[in-house]
Amino acid sequence: MSCNDPVFPVVETFCSIQGESTHAGRVCFFIRLAGCNLRCTYCDTLYAQNQCDGRALALSELIKQARSSGAGLVEITGGEPALNPDTPQLAQALLDQGFEVLMETNGSVALEKFPRQLKCIIDVKLPSSGMAQHNLPAIYEQLKPGDEIKFVTGSRADFDWALEWIDRWGLHRKNVPLIFSCVFGAVTPEELTTWIIESKRAYLRFQLQMHKYIWHPSKRSV
């Protein structure tokens, strides 16, 4: 195997509708890498937490699958894809093929090695996740056009904490979307939208995890 064709621990690849972010509703090819450094209480991808959960696939095979999917949008997700030292190469290779590329990341791993054209969706961990101590504020200095920040909210205490975090790090001045969604089954969309409206912060954005309403929340590869 050539050093220019690194191998990745891949849990699954599939083509579906993008269910989150400002790209929600778009056809997207997903590459889910194995291995995560966090253990969120509400994790819906337990099957991708460990490195051994994936099967070895070469970069060239992933590019081939992405091209065969017919999608113009690709998301690299996990697990935590930024943990893999070769993920920047995967992102660049997809960009070189003309894809628009997103990466979901848990906000605990530095991102300076990734190409600037990559659009990073950074998940700020709120207290109900049990992982809030792992947020890495330094990555907010690396935000660029196309990046987004999301807050998966499991309680009113989470929401209030998120507002304080936004103020503390000036995230409302970073010119990136600040997107709030519900921990599925913990907070209702009506509750969260009410909190957003009452906060009088016009820059906040609400979203549903669209895929969990189209398909059963436990369904994989859709």
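Here is a chat between two coworkers about this predicted model.

Colleague: Hi! Let's start with the inside. Which residues touch the most other members of the largest nonpolar core?

Modeller: Those are Leu94, Ile149, Phe151 and Phe180, and the core they belong to has 50 residues.

Colleague: Nice. Take Leu94, then: what does Leu94 touch, not counting residues up to four places away in sequence?

Modeller: Leu94 touches Ile31, Ile63, Ala66, Val74, Ile76, Phe99 and Val101. Apart from the 50-residue core, there is another one of six residues, including Phe30, Leu73, Leu102 and Ile121.

Colleague: And in general, where do nonpolar side chains tend to be in soluble globular proteins?

Modeller: They tend to be buried together.

Colleague: What about a lysine, then? Is Lys144 buried or exposed?

Modeller: Lys144 is buried, as its relative accessible area is 8%. You'll find Lys144 in the loop that runs between β6 (119-124) and β7 (148-153).

Colleague: What is Lys144 in contact with, leaving aside neighbours within four places in sequence?

Modeller: Lys144 has contacts with Pro115, Arg116, Leu118, Cys120 and Val176.

Colleague: Switching to the backbone: which residues does a cis peptide bond join?

Modeller: Gly78 and Gly79, with omega at about 15 degrees. Gly79 sits in the loop between β4 (73-77) and α2 (87-96).

Colleague: And which residue in the loop between α3 (156-169) and β8 (178-182) should I look at?

Modeller: Try Asn175, which is in that loop. Asn175 is not a glycine, yet its phi is positive, near 60 degrees. Asn175 is also exposed, because its relative accessible area is 74%.

Colleague: What is phi for Lys200?

Modeller: Phi of Lys200 is near 60 degrees, again a positive value in a residue other than glycine. Lys200 belongs to the loop between α4 (189-199) and β9 (204-206), and with 75% relative accessibility Lys200 counts as exposed.

Colleague: Last topic, cysteines. How many disulfides does the count come to?

Modeller: The count comes to zero.

Colleague: Why is there no bond between Cys36 and Cys40?

Modeller: Because the sulfur of Cys36 is 6.6 Å from the one in Cys40, its closest cysteine sulfur, and that is too far for a bond. A disulfide needs the two sulfur atoms within 2.5 Å. Cys36 itself is partly exposed, at 21% relative accessibility.

Colleague: And how far is the sulfur of Cys182 from the closest cysteine sulfur?

Modeller: That distance is 16 Å, to the sulfur in Cys40, so it is too far for a bond. Cys182 counts as buried, at 10% relative accessibility.

Terms used:
Residues numbered from 1 in each chain as written. Predicted model: local features only at pLDDT ≥ 70, side-chain atom pairs only at ≥ 80, totals over all residues. Heavy atoms only, no water. Helix = DSSP H or I, 4+ residues; strand = E, 2+ residues; numbered from the N terminus. Buried < 20%, exposed > 50% of the residue type's maximum accessible area, 1.4 Å probe, protein only. Contact = heavy atoms within 4.5 Å. Core = buried A, V, L, I, M, F, W, Y, C linked by side-chain atoms within 4.5 Å.
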